[in-house]
Amino acid sequence: MPRIALRPLSLIGLLFLMAAIVGAQAPTPTDEEQEIARTVVALVERGHMAHPVIDDDIAVKWCDNFLKDLDPQKNYFLKADVEEFKKEATDLDDQVRRGDVSFARRVFDRFLERQDQRYKTVMDLLAKPFDFTVDEYIVDDPDLLDYPVDKAEADERWRKKLKLEQLGFRMDGSLSQDEIVQKLTVRYRDRNRIFHQLDSGELLEIYLSSLTRTFDPHSAYLGPKNLEDLLNQQLHLSLEGIGASLGSEDGYAVVKEIVPNGPADKDGRLQPDDKIVGIRNEDGSETSLIEKKLSDVVRFIRGKSGTVVKLIVQTAEAKELKEYAITRGKVELTEQHAKGKVLEVEADGRQVKVGVINLPAFYGDTMAILRGDPNAVSATIDCQRLIDEFKVEGVEAIVMDLRDNGGGLLEEAKTLSGLFIDTGPVVQVKDAVGVKSLRDDDDGTAWDGPLVVLINKSSASASEIFAGVIADYGRGLIIGDSSTFGKGTVQSIVNIGDLGRRGGDRAKNRGALKLTIQQFYRANGDSTQINGVAPHVHLPSLRDSMDVGEGKMDFALKFEKVDPLPHEKWNRTPDDLVAAVKARSAARRSDDPGFQKLEGRIKQYLDRKAKHQIPLEEAKFKAEFIPDEEEKAAEEKEKKDKRAKKKYNEREAWVPDFYNDEILRIVGDYLTLGSKALAAAPVKAPVVIND
């Protein structure tokens, strides 16, 4: 299985996206679940780079994690519930070694009991009017709260929570009060149904991942469905089905997007906002999909290429039922591939062409690449193609946009780096045995001209490897947030089905363990863990002030250094050049209305963050959260653009705005001021240095 430098993942968020918190009553774990639990424990203790021992101390942390995963805002459990469960915490390590995961079911059954009580409270509260003139506040940091002591305290929290949610809708101004109440009613009805649909396998996924995350934030047990989605959609960027993205609304599977050039797009009948209410079976009978888990609906519709699925659809426009027979096919998620665009910037008193590559992930099908498949999916291959196209266009610089790129395949990070350097170490990898170097040994480059890399706080893992190479080699200019995410670990996917049984059905998908097995380091010896990669030119951002990044995550591994490795220096970012570029940008930003407003929003955010509470009186809420007319118009334009992109399934390689406009001006300055350094011939005889 591939080694992956994966994007940070929210477990409970991922399970919600697949409509996952469910609940078929299973009084005792199945034999298979017990076997999975024992296998996970053995693999973690043997394979995790920290070689942990699951003991009483770990068990206490595990219990805390599990409770937090189910109720992160402390809105459901009562204090007495939590105290009761914590009494059993030190037994969890002994239980799981026996394969006993019944604690998860007992806790979740209590959670469902509290959820039903809270759901009734929500419905009762929504049936009554709220007074938005009362001067009161809601605490926005659950770490400052204890669990409610009784139902009355819990109900009061929910009253304030619903009031805050209504204020958010009221500020938008597009819905009447009745429509707001209806929207919230549907939201919580959906949420209640989803909670009650959690099956024992999905509960096991939450429970065992709560254990693995006591060692680091990225180790996790992936159930069969999430394993399939990870390998096919996130890494290979393909699946077999009809090519439609679905969401769940009021018990219906609603079409959100149609994937370009997929079977549904080519058929032309299925449209966004249509509701898929059923499937026509081969014998003519009907399977209803109303109030089914979204993850199950998706798997009813998916299937092998060439087979036919008959959808029963309630159309968005006429509200009539229609039946569409659509032939399934391989759906390439091309919108997640690298995209390129040629822009013009002013440099040295003239207009020059700059090629922008927007790369959302380090995707690839490693096995297909090794087989020499000409159609193999690969971020590196796609970027190479775009670079070749840019050369034909006559670009004078390339901008690699890695903002919001959360990572992917380690091999793709290595090979993509090799397009911009001659040869040398890309990353150092440390495991239980020692430290080894992963090198680019392919002579030459795809692009040896001026290079700029864009990063932000959400650039993580493989993105940080690439940015670290460009920084260490002095290969190009890095622009963005104060640092990248700071995820400097490598995970391996270990298939439970391959290990769990001797004989029998070993090929059955029993999920997998995503296990942290290595930590990586830059050529200069620094780990990207916690600290990330810093830019040469920092542009202010709200994310700089947010609690975002590896260092803000529980149980994150610490920053470390190893010995640096000899590597080339291209000297494309000498200190005096960087200082001059930074000075020009700072001068422009001080007079730029967009950045002035951004600085104001950052200050407002920091002031609000320090208070840890939000006003629920409408006038005060408006004063604190409502933007001025110019900002409101900009937000409306952004929403409109997003709706247009959603409608046509298009992701732009570059969107002009005040922030991106300044980036292009910085690129122009870099080309103008650095003409001598940037015109220098690439290093053929390596200047070997040790940082």
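Student: A salt bridge is a side-chain nitrogen of Lys or Arg within 4 Å of a carboxyl oxygen of Asp or Glu, so how far apart are N and O where the side chains of Arg269 and Asp267 meet?

Tutor: In this predicted model, where local features need pLDDT of at least 70, side-chain atom pairs count only at pLDDT 80 or more, while totals for chains, interfaces and linings use all residues. Residues are numbered from 1 along each chain as its sequence is written, and side-chain values use heavy atoms, without hydrogens and water. For Arg269 and Asp267, the distance from N to O in the salt bridge is 2.9 Å.

Student: Is Arg269 buried, exposed or partly exposed, and what about Asp267?

Tutor: Arg269 is partly exposed because its relative accessibility is 35%, and Asp267 is partly exposed as well, at 29%; buried means under 20% relative accessible area, exposed over 50%, and partly exposed in between (1.4 Å probe, protein chains only).

Student: Which salt bridges share partners in one network?

Tutor: The bridges that share partners are those joining Arg584, Arg588, Asp592, Glu662, Arg665 and Asp669. For the structure as a whole, the search returns 54 salt bridges.

Student: What does the bridge between Glu84 and Arg110 tie together?

Tutor: The side chains of Glu84 and Arg110 meet at 3.1 Å, N to O. Glu84 belongs to helix 4 and Arg110 to helix 6 (residues 102-126), so their bridge ties together parts of the chain that lie 26 residues apart in sequence; helices (H or I, at least four residues) and strands (E, at least two) are DSSP runs, numbered from the N terminus. With a relative accessibility of 40%, Glu84 counts as partly exposed.

Student: And Lys161 with Glu165, where do they lie?

Tutor: Both are in helix 7 (residues 151-172), four residues apart, which is about one turn of the helix. The closest N and O atoms of their salt bridge are 3.4 Å apart, and Glu165 counts as buried because its relative accessibility is 17%.

Student: Changing topic, how many aromatic pairs are there?

Tutor: The structure holds 18 of them, where rings of Phe, Tyr and Trp (its six-membered ring) pair if their centres lie within 6.5 Å, with planes under 30 degrees apart stacked, over 60 edge-to-face and the rest tilted. One of these pairs is Trp62 with Tyr207, which is tilted, at 4.6 Å centre to centre and 35° between the planes. Trp62 lies in helix 3 (residues 56-70) and Tyr207 in helix 9 (residues 200-212), so the pair ties together parts 145 residues apart in sequence, and both residues are buried.

Student: What sort of pair do Tyr76 and Phe195 form?

Tutor: Their pair is edge-to-face, at 5.9 Å between centres and 75° between the planes. Tyr76 sits in the loop between helix 3 and helix 4 (79-86) and Phe195 in helix 8 (residues 177-195), so that this pair links distant parts of the chain, 119 residues apart. Tyr76 counts as buried at 8% relative accessibility, and Phe195 counts as buried at 3%. Ring pairs also link residues into a cluster, among them Trp62, Tyr76, Phe195 and Tyr207.

Student: Last one: where does Asp440 lie, and what is it in contact with?

Tutor: Asp440 lies in strand 17 (residues 435-440) and counts as buried, at 6% relative accessibility. Leaving aside neighbours within four places in sequence, Asp440 is in contact (heavy atoms within 4.5 Å) with residues including Gly418, Thr423 and Val426. From Asp440 to Val426, the distance is 6.4 Å, C-alpha to C-alpha, although the two are 14 residues apart in sequence.
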